[in-house]
Structures are given as C-alpha cells and as structure tokens.
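I opened my notebook to look around one structure, a few places at a time. Here is what I looked up, in the order I went.

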Amino acid sequence: MHFSYLKVDELRCIGRLRADLNPGVNLVVGKNGSGKTTFLDALNLTASGRTVNPLNARDVIRDGSQAARVAVSVDYGGNRTIDVLMVKSKSGTKITIDNKQVKSTSELAQQIPLICVNSEVSSILTSAPSARRALLDRVMFHVKRDYVASWIEYRRALNQRNGVLKGTRDRSQATFWTKRLVGAGSVIDACRKEIISKINESLVDSLIQQEFSGISLEYYPGWSGGSLLDELDRDWGKDLELGYTRAGVHRADARLKVDNKEFTRRLSRGQLKVVAAEIMLGLRRFILEKTRLQPVIMVDDIHSELDSSMRGLLVDKILGLEGQKFFTAIDDVLHPEIFDRADMVFHVEREKFYA
Ligand SMILES: Nc1ncnc2c1ncn2[C@@H]1O[C@H](COP(=O)(O)OP(=O)(O)O)[C@@H](O)[C@H]1O
Ligand SMILES: [Mg+2]
C-alpha cells in the first residue's frame with residue numbers, strides 16, 4: 001500500500017498543501033520549523049489519529065483557524081483505493097474512510113500500517129518502561145483486532161481487583177477478577193513475546209553488531225515468569241498491604257542487552273538512533289508478516305545524531321526494503337546518500353511547498 005495523494009489545510013504551520021506522493025522514496029527538505037515534521041504528522045494523523053510525537057498532539061489546529069483538515073488517498077494496487085479524511089476541530093476529531101465515519105482508530109491503523117523512526121523512538125529506549133510498553137501495544141493495534149478488547153478487559157479486571165484490595169479486601173471476590181486479568185493478560189503477553197522475537201531477528205544483523213555483538217531486546221513480562229495466577233495468589237498478602245496489584249502485564253518491560261548485560265546507557269546518541277531504527281524495522285517486518293501490507297516507513301530528521309558513514313549504512317538498509325518511504329532532512333545539509341536516490345523531493349518553506 002502507499003499514500004498517493006495528500007491534501008492539508010490549516011495544520012500547524014501548514015496553511016494549504018496539495019501533493020501527489022511517490023510510491024517509492026519521498027524526501028521532504030526544509031529549514032528548522034519549516035513544516036517537515038508537520039508533513040509527516042499529516043500522514044500519521046490519517047493513519048492512526050496520532051501525531052508522530054505525542055507532545056505535538058496539542059495545537060495541531062493552525063493558530064487563528066477553526067479546524068485542521070487532512071485528506072489522503074491510499075492505493076492498495078489493483079485499482080483498490082480508499083480516501084481518508086481527518087478533521088480536527090475544537091469539538092473533537094472526526095475521521096472518515098470513503099465518507100463513512102471510523103469508529104475507532106485501531107480500525108484505521110489496521111488499514112494504513114506505518115512506522116516512524118525519529119528521536120522519540122531513541123528516547124523510548126532510555127525512558128520509563130511505560131513508553132516501551134506503549135510502543136509494543138501500538139504495533140499490535142495495527143495487526144490484531146481483538147488486542148484492543150484484551151486491553152479493555154485487562155484494565156477493567158485490574159481496576160476491579162485493585163478496588164477490592166482497597167475496599168472489601170474479600171479474597172473470593174478478588175479471585176473472580178484475578179482470573180479475568182490473567183486470561184486477558186496472557187493474550188497480551190503472547191503478542192508481546194512474538195513482537196520481541198521479531199525485533200531480535202532484526203537486531204541480529206544490526207549495524208552496531210561489530211561493536212556490540214549479541215545486542216538484543218530482553219523481555220520482562222511484568223511478573224517473575226512462571227504462572228501469573230500462582231504469583232498473584234501467592235502475593236495476595238503483599239498486594240493487600242500495597243493496596244494495588246503488583247504483578248501483571250501492566251508492569252512489563254523490554255530492555256536492550258548485550259551479552260545479558262543492561263546496555264542502554266552505554267550507547268551513544270547515534271548508536272541509540274541506529275538501534276531504535278532497527279527496532280522499528282523489526283516492527284515493520286512483524287506488521288508485514290501479520291497483515292501482508294507493506295508498512296509505510298518514515299524517517300524524521302535523518303541527519304541528526306548520525307555521522308555520514310552510519311547515515312549512509314542506515315539509509316542503504318532502509319532503501320533495501322520494499323514499501324513507500326518518507327525522509328525529512330534540513331536543506332542546508334543535503335545528503336547525497338538520500339538526495340540522489342529520492343524519487344520525489346518536496347521543499348518546504350513556511351507557507352510554501354513545491355515539488
Ligand atoms: N498551531 C500552530 N499554528 C501555527 N504554527 C504552528 C502551530 N504549531 C506549531 N507551529 C509552528 O510550526 C513549526 C513547526 O513545524 P515542524 O513541522 O515541526 O517543523 P520542522 O520539522 O520542519 O522543523 C514551528 O515553527 C511552530 O512554531
Ligand atoms: Mg521536525
């Protein structure tokens with residue numbers, strides 16, 4: 001699948017944009033603050049209802065405007081296309097596919113899979129476990145319809161169980177919720193394990209394997225690893241003292257390890273960016289195998305934090321993959337490794353776009 005057309009009105013710094021997009025490599029160049037990330041966000045908003053960086057989720061409506069609108073055409077080959085329209089106004093967000101209202105953004109995510117490599121992904125590796133859980137969960141929304149349902153069930157069971165711990169403290173009442181929590185949790189756990197193993201396949205030939213051989217992502221399920229039901233049963237007294245449920249998939253994590261040693265903090269910013277990109281490529285592979293759709297690959301600020309040789313290797317790696325690609329770069333550092341190989345180049349200046 002690929003985006004074939006993009007139309008943007010009143011999205012952050014972009015007033016009006018109409019562009020045919022190339023099914024191959026698209027490069028968006030412009031100075032700082034010119035609208036490169038906003039260009040990617042426009043596509044991302046129609047694919048998931050989200051912005052690339054959650055910090056940009058506010059203020060998407062251009063100052064002085066009532067609503068931001070993004071429309072895209074998505075081409076699946078064989079004459080099958082869909083038109084997606086996203087309108088964000090002060091009263092909320094409305095998304096339609098072929099003029100029919102979309103009920104949940106996961107419905108959208110399943111039709112338009114995309115991955116984005118940016119500095120946020122690098123910081124996910126060094127920040128709190130919740131950020132890494134969120135990354136894994138987002139991927140599942142692209143591929144598994146009932147994943148959302150499992151999460152809703154899990155959250156509900158967890159809240160109810162915590163309510164019992166703080167309230168009646170009645171063990172048999174808690175057991176009802178514990179069983180439901182374990183049931184939904186096992187679906188989530190199995191999915192996450194599958195994703196992590198796909199990521200590790202991608203890290204086997206990491207560009208930094210030479211320096212850090214045996215780099216991998218280690219999964220921590222959120223409890224000691226045996227039966228969650230037994231552990232919750234055993235820890236009933238501790239949970240009563242704490243007033244909440246300690247063990248479960250809500251405590252999971254995935255950490256970078258080299259030869260079984262914690263490694264995230266030993267990597268430079270550039271090395272982190274490479275690993276982050278490779279993790280995203282593992283996720284891409286996972287989505288592709290599950291959905292049979294080629295995810296769109298976005299790389300925001302390819303120039304930042306990477307020296308020219310590493311940048312070249314990473315670009316080669318990404319360009320060797322199928323699927324539509326979008327790169328952004330600052331135009332006064334036009335890198336031949338990507339500039340010479342782009343099928344379409346968009347120059348963005350505040351208020352202006354030209355291809
Ligand atoms: N709601 C808004 N209305 C108008 N301009 C905005 C709004 N939100 C952000 N901007 C401007 O958009 C620019 C950021 O665009 P961005 O796409 O992040 O640029 P780039 O990625 O090229 O550096 C900034 O100059 C910022 O001031
Ligand atoms: Mg940017």
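**Entry 1: a small sheet**

I started with an open sheet of three strands, and the order I read off was β9-β10-β11, with antiparallel pairing. The edge strands are β9 (215–220) and β11 (261–262), and each of them pairs on one side only. I should add that I am working with a predicted model.

Next I looked at how β9 meets strand β10 (residues 253–258): the two pair in the antiparallel sense over six bridges. I picked one residue to follow across, and found that the bridge partner of Ser-216 in β10 is Lys-257.

I then moved to Gly-226, which sits in the loop between β9 and α7 (228–234). Is Gly-226 buried, partly exposed or exposed? Its relative accessible area is 48%, so Gly-226 is partly exposed; the exposed class would need over 50%. I also checked a far-off pair: Gly-226 and Val-87 are 139 residues apart in sequence, and their C-alpha atoms are 47 Å apart in space.

**Entry 2: the hairpin at the start of the chain**

I went on to β1 and strand β2 (residues 14–20), which run antiparallel and are joined by six bridges. Here I followed Tyr-5, whose bridge partner in β2 is Asp-20. The hairpin of β1 and β2 has two residues between the strands, and Arg-12 there takes a positive phi near 40 degrees.

That made me look for other backbone angles of this kind. I reminded myself that most residues other than glycine have a negative phi. Glu-10 is not a glycine, yet its phi is positive, near 60 degrees. Glu-10 is found in strand β1 (residues 2–11), and I noted it as partly exposed because its relative accessible area is 23%.

Which phi does Asp-98 have? Asp-98 has a positive phi of about 45 degrees, although it is not a glycine. Asp-98 lies in the loop between β6 (92–97) and β7 (100–101). With 36% relative accessibility, Asp-98 counts as partly exposed.

**Entry 3: a loop residue with a polar contact**

Asn-22 is in the loop between β2 and β3 (25–29). Why does Asn-22 count as buried? Its relative accessibility is 19%, and buried means under 20%, so Asn-22 falls just inside that class.

I looked at what the side chain of Asn-22 does, and saw that it reaches the backbone nitrogen of Gly-24 at 2.6 Å. Leaving aside neighbours within four places in sequence, Asn-22 is in contact with Gln-324, Asp-343 and Met-344.

**Entry 4: a covered strand**

How many residues of strand β13 (residues 325–329) are buried? I found five of its five residues buried. Both faces are covered: I listed Lys-325, Phe-327 and Ala-329 on one side, with Phe-326 and Thr-328 on the other.

Then I checked which strands pair with β13. β3 pairs with β13 in the parallel sense over five bridges, and the bridge partner of Leu-27 in β13 is Phe-327. Strand β12 (residues 296–299) also pairs with β13 in the parallel sense, over three bridges. On that pairing, I saw Met-298 standing opposite Phe-326.

**Entry 5: a helix residue**

I turned to Phe-141, found in helix α4 (residues 129–143). Phe-141 counts as partly exposed because its relative accessibility is 25%. Apart from neighbours within four places in sequence, Phe-141 is in contact with Ser-106, Ala-109, Gln-110, Tyr-147 and Val-148. I also looked up Phe-141 and Ser-48, which are 93 residues apart along the chain, with their C-alpha atoms separated by 9.5 Å.

**Entry 6: around the ligand**

I kept ligand 1 for the end. I found 15 residues surrounding it, the closest being Gly-33, Lys-36, Thr-37, Thr-38 and Arg-350. By class, this shell has two nonpolar, six polar and seven charged residues.

Which atoms of ligand 1 have polar partners? An oxygen atom of ligand 1 lies 3.0 Å from a backbone N or O atom of Gly-35. A polar side-chain atom of Thr-37 lies 2.8 Å from an oxygen atom of the ligand. A polar backbone atom of Asp-59 is 3.0 Å from a nitrogen atom of ligand 1. Taken alone, ligand 1 exposes 580 Å², and I noted that the protein buries 73% of that.

Technical notes: Residues are numbered from 1 along each chain as its sequence is written. Chains are lettered from A and ligands numbered from 1 in the order in which they are written. This is a predicted model: local features need pLDDT of at least 70, side-chain atom pairs count only at pLDDT 80 or more; totals for chains, interfaces and linings use all residues. Side-chain values use heavy atoms; hydrogens and water are left out. A residue is near a molecule or strand if one of its heavy atoms lies within 4 Å of it. A polar contact is a pair of N or O atoms within 3.5 Å; within protein, one must be able to donate a hydrogen and the other to accept it, and residues adjacent in sequence count only if both atoms are side-chain atoms. Accessible areas come from the Shrake-Rupley method with a 1.4 Å probe; for residues, only the protein chains shown count as cover. Ala, Val, Leu, Ile, Met, Phe, Trp, Tyr, Cys and Pro count as nonpolar, Asp, Glu, Lys and Arg as charged, and the others, Gly among them, as polar. Helices (H or I, at least four residues) and strands (E, at least two) are DSSP runs, numbered from the N terminus. Buried means under 20% relative accessible area, exposed over 50%, partly exposed in between (1.4 Å probe, protein chains only). Contact means heavy atoms within 4.5 Å. Two strands pair if DSSP finds at least two bridges between them.
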